[in-house]
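Colleague: Before I rely on the words used for this model, I would like to hear how each of them is justified. Could you show me the structure and take me through the reasoning?

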Amino acid sequence: MSESLDLAQTVLANARKTEHVEVFVQDASHTSIDVFGGETESLTSARTRGVGVRLISNGQMGYAYTAELSGESLRDVVEEARHNATASSPDDANVLPGPSRQENEVNVFDADAASVPVERKVEIALELEAAILKGSDQIRTLRNCSYRDRLAHFALASTSGIAAAWSQSNCSCFATAVAGEGQDSQTGFGLSNARHANRLDIDHTARTAVARSTRLVGAKKISTTKLPAVFDPQAAVALLGVLGIAASAEAVIKGRSLFAGKIGQRIGSDIVTIVDDGRVTDGLRTAPYDAEGVPTTRTLVVENGFLRSYLFDSRSGERMGASSTGNASRPSFKTPPGVAPSNFVLAPGQKSQEELITGIDNGFYVQELIGVHSGVNPVSGSFSVGATGLMISKGTFGQPVREVTIASTVFDLLSGVVEIGSDFTLVPGFLVEGAYGSPSLVIGEIAVAGT
């Protein structure tokens with residue numbers, strides 16, 4: 001890790017006195033394994049190393065990167081960023097953050113994770129596949145079964161005084177089981193995350209995938225109706241992804257957020273509280289610093305139904321007269337930072353999912369939402385998405401349901417939350433950056449369009 005910081009400072013030495021320069025270094029190793037039919041279908045291991053340079057001069061910003069880490073290339077990348085800055089328009093919001101004190105240590109790297117042999121990683125994926133196939137006679141096949149990991153070291157140095165280095169390790173196994181036959185095929189997803197491969201919960205992942213697929217076998221359409229609904233954590237998380245995008249100050253500035261102009265206004269019921277926490281112990285996107293070297297923090301986005309804050313990096317904060325919330329993010333050294341959630345979560349309640357369902361005489365359990373990110377208007381918040389799940393009859397699961405549509409607005413849905421469960425689930429964002437977590441939610445009434 002110190003090598004990455006030394007490299008960043010070496011590149012920074014090429015800055016001129018009148019320039020504001022930030023050097024970001026990434027050194028990451030990835031493993032990707034897919035299995036099928038008891039055999040390894042694909043196995044990829046890769047290492048990505050590179051340097052990204054953001055340079056500001058006279059309010060103009062330029063960015064350049066290189067994966068070639070020789071002395072000449074490290075000088076050239078600064079010169080290229082300098083040249084790119086001359087082609088951009090001046091902007092007073094082009095600023096670099098200064099150093100600030102960390103509140104507490106955050107350790108999200110397991111050094112032993114690097115020593116796990118690839119053979120063991122393959123075993124994890126194969127064990128998961130076998131466990132799912134043995135889980136029920138109704139399981140016909142698997143749509144996918146995979147292992148992934150990423151061990152990364154980062155460093156950042158800037159002329160504004162930041163010198164930071166940190167590391168992260170993330171491992172996961174996941175699968176989608178397919179139950180039933182022909183047109184009655186149903187799928188169920190299971191996922192486990194950990195800092196170390198040997199701490200992945202294979203059995204729980206398999207049970208989840210089996211249960212979520214087999215209980216939907218025999219699903220039918222239902223008549224159009226209005227009724228109470230329980231949103232499964234995975235379904236609720238899909239909606240949280242939309243809210244995470246809306247909470248970005250960058251989206252607000254560009255007029256692409258349903259939260260624009262609503263700070264201090266009620267947007268949900270008084271039991272809805274949403275927090276973005278970049279320092280929570282078990283968070284999938286926990287880190288001591290964001291992609292600008294600003295210490296991460298806990299930001300109260302929605303408090304008891306009221307919108308309290310957006311998520312900021314330094315540039316969006318400068319535009320809106322706010323401080324960075326430590327939410328600068330970048331997929332790699334190849335891009336300058338933008339705003340994204342870290343661990344964006346809806347605060348859990350006290351009741352188990354079973355207790356929530358027991359209290360409903362006639363309702364709809366929403367297991368999965370389909371087409372959320374294409375079916376939600378990011379400005380108005382209106383949406384129309386597909387859903388699968390089960391009817392709830394006298395406090396127990398009944399007839400499985402498929403091919404229905406839920407149409408509403410994000411605000412009506414949040415305002416309709418009457419109970420929140422304790423069964424919290426945190427998953428990585430698959431279509432958007434960040435990690436998203438939610439328990440089960442009870443909505444007082446929703447419109448379900450069927451036959």
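Modeller: Please keep in mind that this is a predicted model. The secondary structure of the chain amounts to ten helices and 20 strands, and the C-alpha atoms occupy a box of roughly 70 × 55 × 35 Å along the principal axes.

Colleague: How do you know whether the radius of gyration of the chain agrees with that of a compact globule?

Modeller: For 451 residues, a compact globule would have a radius of gyration near 22 Å, and the chain has 24 Å, so the value agrees with that expectation. As for the interior, 54% of the 451 residues count as buried, while the exposed surface of the chain comes to about 19500 Å², with 48% of it supplied by carbon and sulfur atoms. Among contacts with a separation of 6 or more, 71% are made by residues 24 or more positions apart.

Colleague: Why is Thr286 called buried or exposed, whichever applies?

Modeller: Buried means under 20% relative accessible area, and Thr286 has 1%, so Thr286 is called buried. This residue lies in the loop between strand S8 (274–277) and strand S9 (298–303). Leaving aside neighbours within four places in sequence, Thr286 is in contact with several residues, including Val106, Gln168, Arg195 and Asn343.

Colleague: What makes the pair formed by Thr286 and the backbone oxygen of Gly283 a polar contact?

Modeller: The cut-off for such a pair of N or O atoms is 3.5 Å, and the backbone oxygen of Gly283 lies 3.4 Å from a polar atom of the Thr286 side chain, so the distance falls within the limit.

Colleague: What makes phi of Asn58 worth pointing out?

Modeller: Most residues other than glycine have a negative phi. Asn58, however, has a phi near 55°, a positive value in a residue other than glycine. Asn58 belongs to the loop between strand S2 (39–57) and strand S3 (60–66). Exposed means over 50% relative accessible area, and Asn58 has 69%, so Asn58 is called exposed.

Colleague: Why is Asn304 placed in the class it has, given its relative accessible area?

Modeller: Partly exposed covers the values between the 20% and 50% limits, and Asn304 has 38%, so Asn304 is called partly exposed. Asn304 sits in the loop between S9 and strand S10 (306–307), and phi of Asn304 is near 50°, again a positive value in a residue other than glycine.

Conventions. Residues numbered from 1 in each chain as written. Predicted model: local features only at pLDDT ≥ 70, side-chain atom pairs only at ≥ 80, totals over all residues. Heavy atoms only, no water. Helix = DSSP H or I, 4+ residues; strand = E, 2+ residues; numbered from the N terminus. Rg over C-alpha atoms; globule rule 2.2 N^0.38 Å. Buried < 20%, exposed > 50% of the residue type's maximum accessible area, 1.4 Å probe, protein only. Contact = heavy atoms within 4.5 Å. Areas by Shrake-Rupley, 256 points an atom, 1.4 Å probe, with all protein chains shown as cover. Polar contact = N/O pair within 3.5 Å; in protein donor to acceptor, adjacent residues only side chain to side chain.
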